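Good morning, and thank you for the opportunity to present. I should like to take you through one protein structure, from its overall plan to some individual residues. Please look at the display as we begin.

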Amino acid sequence: MSKENLFSKDAIEKLKELSEKAGTCMFVTNLNSKPPFNARPMSLQECDEEGNLWFISSKESNKNMEIERNNEVQLYFMNNGDYEYLSVLGNAFIYDDKYTIEEKWSVFANAWFDGKEDPNVSIIRVEPRDVYYWDTKAGKFISMMHFVSSILTGKKTDNKDGVEGKIKI
């Protein structure tokens, strides 16, 4: 597996690509406590042009209460179908103003809320601090062919089609 650290624009593009393709992450809070940490699946609304990750959440959720106490969060995105993975450590910020809710609202959130005017709606922005990714250079099919070849020949894979690295925004 080769290493390729990404910076600035390339970093944001990779973060956006991997996070939006996965769509859902495990959103971990309460990192300053003893394990087990609190984790729950969350749907990503958007990764913006600055690399911020946006989510819709209930003001009354444990997640929001834990962010109020300690805003450091860990996000784990997985796209097993294409062998793409992303780990994001960052700081979360909660918004409940009409402008931000209007801008980030999704009709899918109606499954949890009585529309965007619901008083329990809040928006969470995660500002990444430390990001690491794992990806394939040639895609899933080529990676699978290398894996099958290794099985058939009895030789260990060199995993040369894989790439990993830090994302520095």
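Read from the N terminus, the elements of the protein chain follow the order β-β-α-β-β-β-β-α-β-β-α-β-α-β. In total, the chain has four helices and 10 strands. Please bear in mind throughout that this is a predicted model.

Two figures describe the chain as a whole. Of its 169 residues, 43% are buried. Among contacts between residues at least 6 apart in sequence, 71% join residues at least 24 apart.

Let us turn to the interior. Which residues have the most contacts inside the largest nonpolar core? They are F27, L53, F55, L75, F77, L86 and V126, in a core of 25 residues. Several elements each supply at least two residues of this core, namely α1 (8-22), β3 (24-29), β6 (53-58), β7 (72-79), β8 (84-95), β9 (121-136) and β10 (162-168). There is also a second, separate core of eight residues, and I101, W105, A109 and F113 are among them.

I shall take F27 as an example from the largest core. If we leave aside neighbours within four places in sequence, F27 is in contact with residues including F55, L75 and V126. The contacts of F27 also include N38, A39, R40 and K63.

One of those partners, A39, deserves a closer look. A39 belongs to strand β4. Is A39 buried, partly exposed or exposed? Its relative accessible area is 43%, so A39 counts as partly exposed, because that class lies between the cut-offs of 20% and 50%. Apart from neighbours within four places in sequence, A39 touches M26, F27 and V28. A39 and K63 are 24 residues apart along the chain, and their C-alpha atoms are separated by 8.7 Å.

Next, the aromatic residues. How many aromatic pairs does a search of the whole structure find? The search finds four. In the pair of W54 and Y95, the ring centres are 5.7 Å apart and the planes lie at 40°, so this pair is classed as tilted. The pair links distant parts of the chain, since W54 is in strand β6 and Y95 is in strand β8, 41 residues apart. The two partners can also be described by their accessibility. W54 has a relative accessibility of 8% and therefore counts as buried, whereas Y95, at 24%, is partly exposed. The ring of W54 has a further partner: the charged end of K104 sits over this ring, 4.4 Å from its centre.

I come now to the pockets. The largest pocket has a volume of about 340 Å³. It is lined by 14 residues, of which M42, S43, I56, W112 and F113 are the closest to its centre. Strands β4 (38-43) and β6 each supply at least two residues of this lining. F113 was mentioned earlier, as a member of the second core.

My last residue is S106. Where is S106 placed? S106 is in the loop between α3 (98-104) and β9. S106 has a relative accessibility of 14% and so counts as buried, because the cut-off for that class is under 20%. Beyond its neighbours within four places in sequence, S106 is in contact with Q45 and I56. I56 appeared a moment ago in the lining of the largest pocket.

That concludes my presentation, and I thank you for your attention.

Methods: Residues numbered from 1 in each chain as written. Predicted model: local features only at pLDDT ≥ 70, side-chain atom pairs only at ≥ 80, totals over all residues. Heavy atoms only, no water. Core = buried A, V, L, I, M, F, W, Y, C linked by side-chain atoms within 4.5 Å. Buried < 20%, exposed > 50% of the residue type's maximum accessible area, 1.4 Å probe, protein only. Contact = heavy atoms within 4.5 Å. Phe/Tyr/Trp six-rings, centres within 6.5 Å; stacked < 30°, edge-to-face > 60°. Lys NZ or Arg CZ within 6 Å of the ring centre and 35° of its normal. 1 Å grid on protein atoms, 1.4 Å probe; cavity = no way out; pocket = protein on both sides within 12 Å on 5 of 7 lines; lining within 4 Å. Points joined across faces, edges and corners; volume = space filled by probe spheres on them.
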